[in-house]
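Here are my notes on the model you sent over. I start with one strand and its partners, then move on to a separate sheet and the chain as a whole.

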Amino acid sequence: MAQKPSEQAWASGERLTAKVQPRQIPAIDKWLAERDKGFVPVTPLKASTVMLVRPADPDNPAPFRARTAVEDRVAPPNGIELFMIRRQKSMSFAPDAVVFPGGRVDPKDSDPALPWAGPTPAQWAEKLHQTEDDARRIIVAAVREVFEECGVLLAGPDANTVVDDVCTPEWAQERERLEAHEQSLAEVLIRHNLYIRTDLLAYCSNWVTPEFSPKRFDTFFFAALCPDGQEPDDRSSENSIADWVEPQWAFDLGDAGEIILLPPTIYNLNFVYRAKSLDDLLYTDRPHIQFMEEGAIDENGDHVVTGILP
């Protein structure tokens with residue numbers, strides 16, 4: 001039986017069983033019918049997603065608040081809020097889903113001229129079990145996508161500081177040109193004498209879109225603390241809603257069927273939800289894992305995705 005988002009255990013060895021969207025049913029049926037007869041899945045594209053977080057501020061609380069009473073929650077409040085976006089209904093992948101900022105890597109993300117501070121591409125390659133070039137593109141895509149989608153730039157003038165003002169008209173133009181693929185992140189940072197701060201990214205997990213999907217991604221999930229002086233926004237054309245939320249809010253509305261939460265979103269949301277503190281979330285060294293769900297039909301005849309969590 002399909003589990004509600006709050007019921008999907010995040011622990012290794014637990015089985016995930018989640019509902020699918022009606023538009024996915026024909027693809028699952030096709031995959032089930034053809035998987036033993038030479039079905040060839042689409043090759044997944046590399047992608048990066050970032051869970052942008054901040055400490056809760058009583059004087060400036062997240063606009064989207066939890067409904068569930070503290071005593072009835074799976075995990076106690078930990079003082080962490082995160083930035084989530086609702087994708088436009090017109091998007092070809094995960095339309096109308098509530099997700100984190102992210103997207104696929106771009107060929108320009110491999111530019112070796114990019115000023116770099118923090119773990120090197122070689123160190124990330126070892127961490128992510130990727131080639132050095134792919135690791136470089138994955139990390140650069142993570143930083144670029146957060147800037148494109150919500151205007152937060154994980155970069156600074158040196159290895160110990162972060163730029164604190166990227167809301168000027170000049171930076172808005174840089175962001176627009178990045179979104180339009182008219183320039184690379186390397187070109188932007190070089191022009192502003194900034195370094196990418198790869199130490200601000202905390203690896204969480206690696207999810208691959210199921211084989212039945214006509215559009216697939218090999219996505220690396222990270223967490224990052226929103227830099228002081230920067231505030232994410234909702235200006236990206238890909239998003240219909242974008243704002244700070246309590247993690248419990250997402251589970252409350254996901255359970256009620258009021259928002260779409262995809263299994264990778266639920267799984268990675270749990271890193272934020274169950275963290276003991278911001279330090280626990282951002283400085284825990286997690287081993288590389290990769291997970292891909294499979295399509296199935298459960299005992300009730302409902303289409304689901306399922307799999308044993310690594």
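1. Let's start with strand E14, which covers residues 303-308. This is a predicted model, and in it E14 is mostly covered, with 5 of its 6 residues buried. "Buried" here means under 20% relative accessible area.

2. Which strands does E14 pair with? One is strand E1, residues 15-19, which runs antiparallel to E14 and is joined to it by 5 bridges. Another is strand E13, residues 294-297, also paired in the antiparallel sense, over 4 bridges.

3. Val305 is a handy residue to click on if you want to see both pairings. On the E1 pairing, Ala18 stands opposite Val305. On the E13 pairing, the residue opposite Val305 is Gly295.

4. The link from E13 to E14 is a hairpin, with 5 residues between the two strands. Have a look at the backbone of Gly301 in that turn: its phi is positive, at about 85 degrees.

5. Now for another sheet. Strands E6, E8 and E7 make an open sheet of 3 strands, in the order E6-E8-E7, and the pairing is mixed. Why is one side of E6 and of E7 left without a neighbour in the sheet? Strand E6 (116-117) and strand E7 (155-156) stand at the edges and each has a single partner strand, so one side of each stays unpaired there.

6. The E7 pairing with E8 is easy to check by eye. Strand E8 takes in residues 195-197 and runs antiparallel to E7, with 2 bridges joining them. Gly156 has Tyr195 in E8 as its bridge partner.

7. Stepping back to the full chain, DSSP gives 8 helices and 14 strands. For 310 residues, a compact globule would have a radius of gyration near 19 Å, and the chain has 19 Å, so the two agree. If you are setting up a box, the C-alpha atoms fill roughly 60 × 50 × 35 Å along the principal axes.

8. On packing, 54% of the 310 residues are buried. Of the contacts with a separation of 6 or more, 74% are between residues 24 or more positions apart.

9. Last, the surface and the charges. About 14,200 Å² of the protein chain is exposed, and carbon and sulfur atoms supply 50% of that. The side chains include 31 positive and 51 negative ones. The centres of those two sets lie 4 Å apart.

Technical notes:
Residues numbered from 1 in each chain as written. Predicted model: local features only at pLDDT ≥ 70, side-chain atom pairs only at ≥ 80, totals over all residues. Heavy atoms only, no water. Rg over C-alpha atoms; globule rule 2.2 N^0.38 Å. Buried < 20%, exposed > 50% of the residue type's maximum accessible area, 1.4 Å probe, protein only. Contact = heavy atoms within 4.5 Å. Areas by Shrake-Rupley, 256 points an atom, 1.4 Å probe, with all protein chains shown as cover. Lys, Arg positive; Asp, Glu negative; His and termini not counted. Charge placed at Lys NZ, Arg CZ, Asp CG, Glu CD. Pairing = 2+ DSSP bridges.
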